[in-house]
Amino acid sequence: MKLSLRTAASAASTLALVASGLLFASGTASAATSCYASSCTGLDPATTICQNDAVTVRYTAPDGDAELRYSPTCRAAWARALAGGGRVPATIQVENTNHESFTALNTGDHTVYTRMVNDKDIQAQASFHYANNTQYGYSDWY
């Protein structure tokens, strides 16, 4: 009987450890930052909830080398360039009509994106500029 009680206690301890590990793991997974409009300005979209419902709303013309991404939940926007896309190196930029802007360097090796700008009741656009600065493109405002 003592052996089965010890086994039950050991099993209960193991379950408690597993359950506490799951609690800590879920706490880490939900550590994404919440922001809205101007409080998103300058934040990395990958560390926020904004990436969860983001949609590509505009592409740069003429070559579409950068995308304007927008989160309806956060009311924030950022520029993104996909890995292997376009001619590189290039700088991508997001700018809003309040003249807030952020840039990122696209080397083509991996997907890159800028920090976010406020897009509540104002507009934003994405752009790219190649290293020689003779070629560039802009998206429409959104």
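A residue is termed buried when its relative accessible area is under 20%. By this criterion, 5 of the 6 residues of strand β3 are buried in the predicted model, so β3 is largely enclosed by the rest of the structure.

The pairing of β3 involves several other strands. With β2, β3 runs antiparallel, and 5 bridges join the two. Within this pair, alanine 77 of β3 is the bridge partner of tyrosine 70. The two strands form a hairpin in which 4 residues separate β2 from β3. Arginine 75, located in the turn of this hairpin, adopts a positive phi of about 55 degrees. An antiparallel pairing over 2 bridges also links β3 with strand β7, which comprises residues 117-118. Here alanine 77 stands opposite valine 117 of β7. Strand β6, residues 112-113, is likewise antiparallel to β3 and is joined to it by 2 bridges; in this case arginine 80 of β3 faces tyrosine 113 of β6.

The largest nonpolar core contains 17 residues, among which Leu68 and Ile92 touch the most other members. At least two residues of this core are supplied by each of β2 (67-71), β3 (76-81), β4 (90-96) and β8 (124-130). The greatest contribution is that of β8, which provides 4 residues. Beyond its neighbours within four places in sequence, isoleucine 92 is in contact with Ala79, Arg80 and Ala81, and also with residues including Ala66, Phe102, Val112, Tyr113, Ser127 and Phe128. Further contacts of isoleucine 92 include Thr103, Ala104 and Thr114. Apart from the largest core lies another, of 8 residues, whose members include Cys35, Cys40, Cys50 and Met116.

A polar residue was also examined in strand β8, namely glutamine 125. Because its relative accessibility is 9%, glutamine 125 counts as buried. A polar atom of the glutamine 125 side chain lies 3.0 Å from the backbone oxygen of serine 139. When neighbours within four places in sequence are set aside, the contacts of glutamine 125 comprise Leu68, the run Gln93, Val94 and Glu95, and the run Tyr138, Ser139, Asp140 and Trp141. Serine 139 is thus represented both in the contact list of glutamine 125 and in the 3.0 Å approach of its backbone oxygen to the glutamine side chain. Leu68, also in contact with glutamine 125, is one of the two residues that touch the most other members of the largest nonpolar core.

Note on methods
Residues numbered from 1 in each chain as written. Predicted model: local features only at pLDDT ≥ 70, side-chain atom pairs only at ≥ 80, totals over all residues. Heavy atoms only, no water. Core = buried A, V, L, I, M, F, W, Y, C linked by side-chain atoms within 4.5 Å. Buried < 20%, exposed > 50% of the residue type's maximum accessible area, 1.4 Å probe, protein only. Contact = heavy atoms within 4.5 Å. Polar contact = N/O pair within 3.5 Å; in protein donor to acceptor, adjacent residues only side chain to side chain. Pairing = 2+ DSSP bridges.
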